[in-house]
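Colleague: I am new to this model and would like a close look at a single part of it. Please take me through one chain and then on to what it lies against.

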Amino acid sequence: MNNYRFEDLYEGLSVSFEETVTEEKMDAFRQISGDVNPLHMQKEFAQSQGYKDKVVYGMLTSSLLSRLVGVHLPGKYCLLQGMELKYLNPVYAGDTLTVKGTVYELHPSVKMAVIKALITNQDGVKVVRGKINVGFLRYEDE
Amino acid sequence: MTREYVYQQMNRIFRNVFDDESIELHDETNAEDIEDWDSLEQINLIVAIENEFEMMFDMAEVAELANVGEMVDLILKKDSNE
């Protein structure tokens with residue numbers, strides 16, 4: 001886990017990681033969210049809507065952004081304050097996603113960083129992009 | 001930059017942040033006048049104001065602000081120093 005402090009960040013600093021979406025994670029998300037929409041459960045229904053398979057929950061994909069800021073950028077001292085996202089393309093079980101965060105804005109007056117987030121699939125297709133506002137917890141040595 | 005212009009932009013920013021078109025700012029407006037104005041929305045306001053007016057404040061300047069009028073004064077002061 002990273003433990004960047006606000007003072008350590010600079011515009012352009014970026015981190016990324018990969019994660020593969022599985023059927024098991026789809027099941028777990030369905031249990032957590034209670035979202036039983038057939039787009040996410042029935043291949044035939046999804047195909048009738050023009051998709052090649054069941055579509056992964058958008059918020060399952062974007063849940064990786066919790067890890068992005070909570071573990072990687074800034075990591076330990078992150079206090080998630082808000083995010084704006086766009087879901088650009090469908091994700092399917094078996095896709096391997098690359099999650100990238102880049103420091104976009106720094107606001108020292110309120111100790112808040114804006115992180116630009118981008119999630120792409122194994123073909124380089126953008127599936128989610130957005131901006132995340134993060135504040136900072138108290139540092140342990142303060 | 002005129003005080004009227006700053007107020008015009010500030011009204012737009014406040015209405016956008018609080019999703020409330022009825023907000024009408026005055027010099028004396030403070031956090032007690034707007035129900036949702038808490039510490040998180042204070043951060044969102046400051047960030048939106050910094051971006052709108054393309055200026056950065058420091059922590060001490062922000063901490064000293066008592067009301068909207070003082071914020072407008074600070075914006076005009078910084079603008080005249082540029």
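What radius of gyration does chain B have, and what would a compact globule with 82 residues have?

Modeller: Before the answer, please note that this is a predicted model, in which local features need pLDDT of at least 70, side-chain atom pairs count only at pLDDT 80 or more, and totals for chains, interfaces and linings use all residues, while side-chain values use heavy atoms and leave out hydrogens and water. Residues are numbered from 1 along each chain as its sequence is written, and chains are lettered from A and ligands numbered from 1 in the order in which they are written.

Chain B has a radius of gyration of 12 Å, which agrees with the value near 12 Å that a compact globule of 82 residues would have; the radius is taken over C-alpha atoms, and the globule rule is 2.2 Å times the number of residues to the power 0.38. Along its principal axes, the C-alpha trace of chain B spans about 35 × 25 × 20 Å. Of its 82 residues, 39% count as buried (under 20% relative accessible area with a 1.4 Å probe and protein chains only; exposed is over 50%, and partly exposed lies in between). Among the contacts in chain B with a separation of 6 or more, 57% come from residues 24 or more positions apart, where contact means heavy atoms within 4.5 Å.

Chain B has four helices and zero strands, and along the sequence its pattern reads α-α-α-α; helices (H or I, at least four residues) and strands (E, at least two) are DSSP runs numbered from the N terminus. Helix H4 of chain B, residues 68–81, has 14 residues and reaches 20 Å from its first C-alpha to its last, close to the 20 Å expected at 1.5 Å a residue (that is, 1.5 Å times one less than the number of residues). Ahead of this helix, B:Asn67 caps the N-terminal end, with a side-chain oxygen 3.2 Å from the backbone nitrogen of B:Gly69. Within H4(B), the buried residues are B:Val68, B:Gly69, B:Met71, B:Val72, B:Leu74, B:Ile75 and B:Lys78. An α-helix has 3.6 residues a turn, so residues three or four places apart point the same way. The buried residues of H4(B) pack against helices H1 (3–18), H2 (39–53) and H3 (59–64) of chain B.

Helix H2 of chain B also leads to the other chain, for H2(B) lies across E2, E3, E4 (112–120) and E5 (126–136) of chain A and runs at about 75° to E3(A); axes are lines fitted to C-alpha atoms, for helices over the stretch in contact, and angles between N-to-C directions run from 0 to 180 degrees. These strands belong to an open sheet of five strands in chain A, with the order E1-E3-E4-E5-E2 and antiparallel pairing (two strands pair if DSSP finds at least two bridges between them). Strands E1 (14–20) and E2 (78–87) of chain A stand at the edges with a single partner strand each, so one side of each is left without a neighbour in the sheet. From one strand to the next, the twist averages 20°.

Strand E3 of chain A, residues 96–107, is joined to E1(A) by seven bridges, with A:Lys100 as the partner of A:Ser16 and A:Val99 as the partner of A:Phe17. Nine bridges pair E3(A) with E4(A) in the antiparallel sense, and these two strands form a hairpin with four residues between them, where A:Lys111 in the turn has a positive phi of about 50°.

Terms used:
A polar contact is a pair of N or O atoms within 3.5 Å; within protein, one must be able to donate a hydrogen and the other to accept it, and residues adjacent in sequence count only if both atoms are side-chain atoms.
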